[in-house]
Amino acid sequence: MKAGFYPKLAFDGIRKNRRMYLPYILTCIGMVMMYYIIVFLQNNDAIRSMRGGETIQGMMELGTWVIAIFACIFLFYTNSFLIRRRKKEFGLYNILGMGKGNIGFILFWEALIISAISLGAGLFAGIVFSKLAELGLVNVLSGSVNYSFSVSPAAIAMTVMVFGVIFLLLFLNSLRQVKFANAISLLRSENVGEKPPKGNWLVGILGVLMLGAAYGLAVTIQNPVSALLVFFLAVVLVILGTYLVMIAGSVLFCRILQKRKNYYYKANHFVSVSSMVYRMKRNGAGLASICILATMVLVMISSTTSLYAGEEDSINARYPREINTSFQWNDVEEMTGEAVGAIRNEMLRIVRSYDADPANIHEYRSASVAGLLMEDTVETDVSKIEQFHLDTYSNVYQIYIIPIEDYNALMGTDETLEEDEALLYFYRDSYRYEKDTLSFRNGRSFRIKKVVDDFAGSGEAAMAIVPTIVIFVPDLKTAIEGIDELADYNGNRMVTLRWSYNFDTGLERKDQDALYAAIRENFRAPDANETYGYYAFSVQGREMEREDFYSIFGSLFYLGIVLSAVFILAAVLIIYYKQISEGYEDQARFEIMQKIGMTKREIRKSINSQLLTVFFLPLVGAGMHLAFAFPIIRKLLLLFNLNNVVLFAVTTVISFVVFALFYCLVYRITSNAYYNIVSGARE
């Protein structure tokens, strides 16, 4: 044989089947481009030099793993369409005397051609658009723009290695399918359909139960930490339930349509429903894949967009004032004595040295401890908690005990309490306490006068991942009796005594930076602890920390856009291949129907009936998943201090509407491709 025989056969095979191969190659190019861009940003010096650059590049590293794993799974899925289409051709080669080894050479050259085109074009596009991607990320993060162009050899090497392995695995999988099939089965591969499946009620009911369990978890979870723990369980249940319901439910749906004689025995419905029943099991799996991908896109876009749009709310919740200071003490009485007054005077002196005065002051004392809330009792002794379960985590709270006089000063109220009374406030939790008392197992018991709805000094609580209970008491020293001597396994004191002093200045960013540095230097001086009596000090400036918030939320938003683009590309390709492969399967049946008198107009009506019957099921399913996921995602957003329900709701609705319009556009394009095949149009 001539040296170019196998490459020519491989190239001709790709060219003649370009309707199948072109979208696949374009998808591979898109995946390679996206992967290179993310790796490029991960190793980009301009991004690394930004404040919060390490956080941003950590997010990008996560994105590279997601894209690599998803690309491998998805390309295996779509490659199955291609090899199924080519098996008839390979079977013909086999009958004409070509051995499996020769066919393997053709597959090798096809894989080599596709991988070379995909890597070459994908890397070229990635390099071309990498600077645009960098500028887009910098703009999202409100950073300074650098217009120098660069190419990352490390990103090129990583991209070639990852996708080289993926293309090698795809080749070996195709080789396996051809090697273990005889010539007859290869020839008949396109004609081997599925027997008309029976509606499996058991599978359908199991899928409904899984979805019901996932929806139940999503809507009943009240605690953000519990939401974080059960989120992945709910995702797995939704994925499995969707596949089971779509596979079994679609079959049952078609059976129901067949029993409706007024509907089934019509020209445009008879052919479409019969065709769907013939292959609905596989059809259902494809619809479920589209539904899951659509849900992933909607959840990702709505949540990351909400975080990005609401980042100012999160910053203000975490840092209630421009300058936020905290001093920790060993004794309650020291927080009310001359030492605190001296700190306050020194703080005033430093602020006035910058021609400003502290304004909107938040000042309060607190004792904080982690505890497990069981009914009306708080357990703070870790030695008594033998093991943690999911229920345990959902009842763990960070507890702050604050004097009622500090609460009144902050909130402008005049609440009064008896010696054994207390007020409660729950932060980052919609839980409503309905008990009459709250007791510490090793300490005091309080009668709950009422649960208040707001407390201004929640900056410290915003740092904790667990929800917070704030207890307002008549006297702080008396309130912590019994629990102030508890220690953890390392011997560290469980209760932290803290005096917080937060204020605004009205200074420009540059002066705030200087003031922050002066306060930090003054109260972290070697002799400051001895002078004022505290043992630990911290200071945070809202403007100083703003870049860190931008880096986290901005990179999440950017990564959400990139991954959503990848998932949308995957969903479109699945829809396209679903239409094309089913078009080739239905072509012979529609040719017969045309010979017995079916017109092209009736074919078009039948096609529309078939596609409209099932095509919008994934969109409806994704909308249902998104609606039930709304409560649990909202709880997860609370961990980022985003409590703007209206913003999240509006973002979710807009995301769904835009995606639905895009989905309809894809429907129009792919339905035309299906019509061109079954109506007799040639490539």
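Here is a short walk through a few helices and strands of this structure. Keep in mind as you look that the model is predicted.

Let's begin close to the start of the numbering, with helix α1, which covers residues 5-16. Its 12 residues reach 16 Å from the first C-alpha to the last, close to the 16 Å expected at 1.5 Å a residue. Which residues of α1 are buried? They are Tyr6, Leu9, Ala10, Asp12, Gly13 and Ile14. When you look at such a list, it helps to remember that an α-helix has 3.6 residues a turn, so residues three or four places apart point the same way.

Next, find two helices that meet: α8, made of residues 201-220, and α22, made of residues 617-638. Their axes come within 6 Å and cross at roughly 35 degrees. On the α8 side, the contact involves Leu211, Tyr215, Ala218 and Val219. Facing them from α22 are Met624, His625, Phe628, Pro631 and Ile632. Sorted by character, the residues of this contact are eight nonpolar and one polar, with no charged residue.

Now turn to the strands, where β6 (residues 437-440) makes a good meeting point. Strand β3, residues 377-379, runs parallel to β6, and two bridges join them. Here Val378 stands opposite Phe440 of β6. Strand β6 also pairs with β7, residues 445-451, this time in the antiparallel sense and over three bridges. In this pairing, Leu438 has Phe446 in β7 as its bridge partner. To follow the chain from β6 to β7, trace the hairpin that joins them through four residues. As you look along a strand, recall that in a regular one the side chains alternate between the two faces of the sheet.

Key: Residues are numbered from 1 along each chain as its sequence is written. This is a predicted model: local features need pLDDT of at least 70, side-chain atom pairs count only at pLDDT 80 or more; totals for chains, interfaces and linings use all residues. Side-chain values use heavy atoms; hydrogens and water are left out. The expected span of a helix is 1.5 Å times one less than its number of residues. Buried means under 20% relative accessible area, exposed over 50%, partly exposed in between (1.4 Å probe, protein chains only). Axes are lines fitted to C-alpha atoms, for helices over the stretch in contact, and angles run from 0 to 180 degrees between N-to-C directions. Contact means heavy atoms within 4.5 Å. Ala, Val, Leu, Ile, Met, Phe, Trp, Tyr, Cys and Pro count as nonpolar, Asp, Glu, Lys and Arg as charged, and the others, Gly among them, as polar. Two strands pair if DSSP finds at least two bridges between them.
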